[in-house]
Amino acid sequence: MRQPSFDWTQGPAIPVVSVLFALVLGGLFVWISGHDPIQAYAALFRGAFGSPYDVSETLVIAVPLLLAGLSVAVAFRAGLFNIGAQGQLLVGAVAAGWVGALWPDLPGILLLPLTLAAGVLGGAAYGGIAGWLKAARGVNEVITTIMQNYTIVFVMHWLLQNGPMQAPNAFGTPASAPIGAGAILPIVLPDFLVPSSRLHAGIVLALLATLGFWFLLWRTSLGYELRAVGLGMRAAAQAGIDPRKRMVIVMAIAGGFAGLAGMIQVSGLFHRVYDGFSAGFGFDAIAVALLGKNTPVGVLLSALLFAAFSRGGTLMQSDAEISSHLVEIVEALVLFVIAAETVVRAVARRWGRPVKAAS
Amino acid sequence: MEVLIGAGVLAATIRLATPVALAALGGVVTERSGVVNIALEGCMLVGAFFGVFAADKTGSLPAALAVAILAGLALAAMHAVAAITFRADQIVSGMALNILALGLTSYLDYQLYSSTGTPPTIPLVPNVHLGFLEKVPVLGGAVGDQSAIVWVTLAIVVFLQLFLFRTVPGLRLRSVGEHPRAADTLGIDVRRTRYWAVLASGALAALGGVYLSLSVAGSFSDNMTNGKGFIGLAAMIFGRWTPLGALGAALVFGYGDALSVSLQGVEVAGFVFPVQLLSTIPYLLTILAVAGFVGRSRMPAADGQPYESEGH
């Protein structure tokens, strides 16, 4: 049995090179399709960082990306592949949106923690199901979480279109009732600094969560055990750690991070739940976690990078008339390069092997 | 009764099941060889787009089908290189290729057709009219006027079922997915077998994509596969990694989908029937099946595990 080589402390060389490689290849693609890649990337950069307002909009996108990225990363650390951050985010959003609108007149000091708890616990429960199915029935978490992602989308269609959360709204998109004022996260940038900024206190929660991620994994015995399980199921079992029990916990924690992302989208940004809400963050989160090598700082930086791509891409399309989908091409190329890395391979070796056989 | 088993619902079931079945068949072939390919969704999407693109540029249906399948093959080839040669993580590679397919097709769709939409005059896959069934109630309406691809799909199911379980090459392919080391010892080229299987899965999924664009819709729209490749994976699992099972599962899922349309707005005991929840059935059934609560689905033993030949 050869030891999987998990060298997480490795420098940022490979991520940086893979991003540059993807940007060059993406530029080549822009050039072939008859546009100026320099102009495209300049527009992308301006869109993301061109003004204080643009920067604050980039950060608005970075907040859920960071949290969803932590969700994927914490599972990776324990050797599990959480494709379900998207679904867990949505469950968190639904739970937060429901609780936030349930008692709209409660003061913030009560309603905000309740809403937050609902979002985190909702996501944690959804993630925990995948962990439990893996631990108790040997069901691969990749399969479960993919199926869960789609399940919640259709449950939301029902909830918001003709189910119990349906509420009249002026925008034509099915949506829930607005949450109470007490559940709303305040805007953190005052108007005289950045006019009409949407950057909310969710960024503080996201940074605290990043700190919590670091503390959990490197300063607690649970974190030590999770990383041990991630390094090798058999070795951990021999050290007296029951990997199966840890699976439920780690998937619940992963779901909690994603659920917090969903709660923040509701409390900070939209103040209600929409149908088709925050699509895609959970998938980008996989790229964020992998590019950030599942380290707190790495995930933070790659969340910023992908947020800048996303925000910049929108402006690139309107300014330079180059489809914002270029950003997805670049992102896919980044992921594809990372896919070949040894770090990920170690997880791959365990994919498909039921726990019972391994422990 | 009409909304439950009328000809309209059954015809819709077949229409909705066909692309899912094709993706599922691709999944069966690749996973039986031991490679997980979640890029089937992406293969479908490039098939759907490049079919329309080639139909527009050449005006020829055979050329359109060929280009669509080549596009699926190209994406699958990237997955094969990553997964088999570089032994990369198959899920990450598949995710990357799905995002690539979505980005690439949406990018090209925007650059080429954003102002106009895809042209309405492109050649489409013809339907097969079964005149002799016209008078037969229900059956005539259900199968009497389906796309040629539906019948091709049926033929592929029969072929693959026989190929995998009744022929020597089929046995070899399965042995590579169950126990590559043993297969290798017996002189079977594991990598080569897996390459062919992954490529075949890309072609099958692309055919499913072309069915959506050049048969059902007559056009391309961004992300038009919308998860059909993933439902295909679910059908593959629920169908226990066999072609016939995959077809059966696709039909069950397709029927649920068809019902969610035909039962729209129908009231049951004073409540509007929650049709949206019908669409969750494929995913829930799949989880239950893999967990052993509904039957027992067992994946090929070496599924998803990269193979290193001797001497590591």
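**Exercise 1. Place two phenylalanines of chain B on their helix and classify their ring pair.**

Step 1. B:Phe159 and B:Phe163 sit 4 residues apart in helix α7 (residues 148-166) of chain B, so about one helical turn separates them. Helices here are DSSP runs of H or I with at least four residues, strands are E runs of at least two, and both are numbered from the N terminus.

Step 2. This is a predicted model: local features need pLDDT of at least 70, side-chain atom pairs count only at pLDDT 80 or more, and totals for chains, interfaces and linings use all residues. Residues are numbered from 1 along each chain as its sequence is written, chains are lettered from A and ligands numbered from 1 in the order in which they are written, and side-chain values use heavy atoms, without hydrogens and water.

Step 3. Apply the ring rule. Rings of Phe, Tyr and Trp (its six-membered ring) pair if their centres lie within 6.5 Å; planes under 30 degrees apart are stacked, over 60 edge-to-face, the rest tilted. The centres of B:Phe159 and B:Phe163 are 5.8 Å apart and the planes meet at 20°, so this pair is stacked.

Step 4. Check accessibility. Buried means under 20% relative accessible area, exposed over 50%, partly exposed in between (1.4 Å probe, protein chains only). B:Phe159 has 53% and counts as exposed. B:Phe163 has 23% and is partly exposed.

**Exercise 2. Survey the other aromatic groupings.**

Step 1. Over all chains there are 18 aromatic pairs. One of them joins A:Phe213 and A:Trp218: 6.3 Å centre to centre, 65° between the planes, hence edge-to-face.

Step 2. A:Phe213 is buried at 0% relative accessible area. A:Trp218 is partly exposed at 25%.

Step 3. Look for a cluster that holds residues of both chains. A:Tyr150, A:Phe154, B:Phe230 and B:Tyr283 form one.

**Exercise 3. Describe the interface of chain A and chain B.**

Step 1. Count contacts (heavy atoms within 4.5 Å). On chain A 49 residues take part, and on chain B 51.

Step 2. Take the buried area, the accessible area (1.4 Å probe) that two parts lose on being put together, summed over both. It is about 4400 Å², with 74% from carbon and sulfur atoms.

Step 3. Look for salt bridges (a side-chain nitrogen of Lys or Arg within 4 Å of a carboxyl oxygen of Asp or Glu). The count between the two chains is 0.

Step 4. Assign the chain A side to elements. Those giving two or more residues are α1 (13-32), α5 (108-137), α6 (141-161), α11 (281-291), α13 (326-339) and α14 (342-350). α6(A) gives the most, with 13 residues.

**Exercise 4. Decide whether α11(A) is enclosed or open, then inspect a buried arginine.**

Step 1. Start with the chain. Chain A has 15 helices and 0 strands. Of its 359 residues, 57% count as buried.

Step 2. In α11(A), 9 of the 11 residues are buried, so this helix is largely enclosed by the rest of the structure. Among the buried residues are A:Phe281, A:Ile286, A:Val288 and A:Leu291.

Step 3. Just after α11(A), A:Lys293 has a positive phi of about 50°.

Step 4. Move to A:Arg311 in helix α12 (residues 296-320) of chain A. At 14% relative accessibility, A:Arg311 is buried. Leaving out residues up to four places away in sequence, A:Arg311 touches A:Gly47, A:Ala48, A:Tyr53, A:Asp54, A:Glu57, A:Thr58 and A:Ile61.
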